[in-house]
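Please work through the exercises below with the sequence and the structure at hand, trying each task before reading its solution.

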Amino acid sequence: MKGLTARQQDLLDFIEEFTETMHMAPTIYEIAAYFAIKPSTVFAHLNALHKKKVLTRSGKARSIMIADTHRRRIRQVDILSRSIAVRGSNRYKNLRFDLRFFSHAQDSSDVFALNLQDSALPDSGILQGDLLLLQKVPVSAIHPGALLMVEDNGNPVLCRCLTCSNEKVEMLAQGGRRICATPEGLSLMGSVIGLQRSY
């Protein structure tokens, strides 16, 4: 069975948020008005979600219910609030994240967050001030294009993997600086699996 389309996920998110806020499920017309689409289009999406066993509904108004397996599950994640460019003391605090961020993570207990205060990789869409979600992974799991946090000369450095083989891993860090290491010599802190940005 195929996963959800972006529109189906949007509808699912809206239904869940509406239900949590209003303490009742939305009607087809309320969903249609929110997304500026026809009620028949909403009905088609709801039927597809029903076939995928993501939600249930009867013929009655406000009867849409999201299956327990697709409800958002919130997990607390440790945030390492630390300047990337300057070594300093570590301060930990908790933040809550939707577990759907961890859908591809093997073990969500290996997930942590890092506040980028003095670092960025704008070419990779990561800006100063972003909160990165990282997962601890073995060096054997990295691949070209992966966004990584590595330790270089005792400092954490955000970089993008360019090439990796059994002999060497080549990465591009902020400012175009290249970092090369053997897989055994690479001090990998984690791989980026998501981010949160404040505007």
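**Exercise 1.** Decide whether Phe35 counts as buried or exposed.

*Solution.* In this predicted model, the relative accessibility of Phe35 is 14%. Buried means under 20%, so Phe35 counts as buried.

**Exercise 2.** Find out how many aromatic pairs the structure holds, and classify the one formed by Phe14 and Tyr34.

*Solution.* The structure holds four aromatic pairs. In the pair of Phe14 and Tyr34, the ring centres are 4.3 Å apart and the planes meet at 25 degrees; because planes under 30 degrees apart count as stacked, this pair is stacked. Phe14 lies in helix H1 (residues 6–22) and Tyr34 in helix H2 (residues 28–35), so the pair ties together parts that are 20 residues apart in sequence. With 13% relative accessibility Phe14 counts as buried, whereas Tyr34, at 55%, counts as exposed. Tyr34 also pairs with Phe35, edge-to-face, at 4.9 Å centre to centre and 80 degrees between the planes. Finally, Phe14, Phe18, Tyr34 and Phe35 form one aromatic cluster.

**Exercise 3.** Determine which helix gives the most to the largest nonpolar core.

*Solution.* The largest nonpolar core has 18 residues, and among those that touch the most other members are Ile15, Phe35 and Ile64. H1, H2 and helix H3 (39–51) each supply at least two residues of this core, and H1 gives the most, with five residues. Leaving aside neighbours within four places in sequence, Ile64 is in contact with residues including Ile15, Ile31, Leu46 and Leu55. A second, separate core of 14 residues includes Ile142, Leu148, Cys161 and Leu186.

Note on methods:
Residues are numbered from 1 along each chain as its sequence is written. This is a predicted model: local features need pLDDT of at least 70, side-chain atom pairs count only at pLDDT 80 or more; totals for chains, interfaces and linings use all residues. Side-chain values use heavy atoms; hydrogens and water are left out. Rings of Phe, Tyr and Trp (its six-membered ring) pair if their centres lie within 6.5 Å; planes under 30 degrees apart count as stacked, over 60 as edge-to-face and the rest as tilted. Helices (H or I, at least four residues) and strands (E, at least two) are DSSP runs, numbered from the N terminus. Buried means under 20% relative accessible area, exposed over 50%, partly exposed in between (1.4 Å probe, protein chains only). A nonpolar core is a set of buried Ala, Val, Leu, Ile, Met, Phe, Trp, Tyr and Cys residues joined through side-chain atoms within 4.5 Å. Contact means heavy atoms within 4.5 Å.
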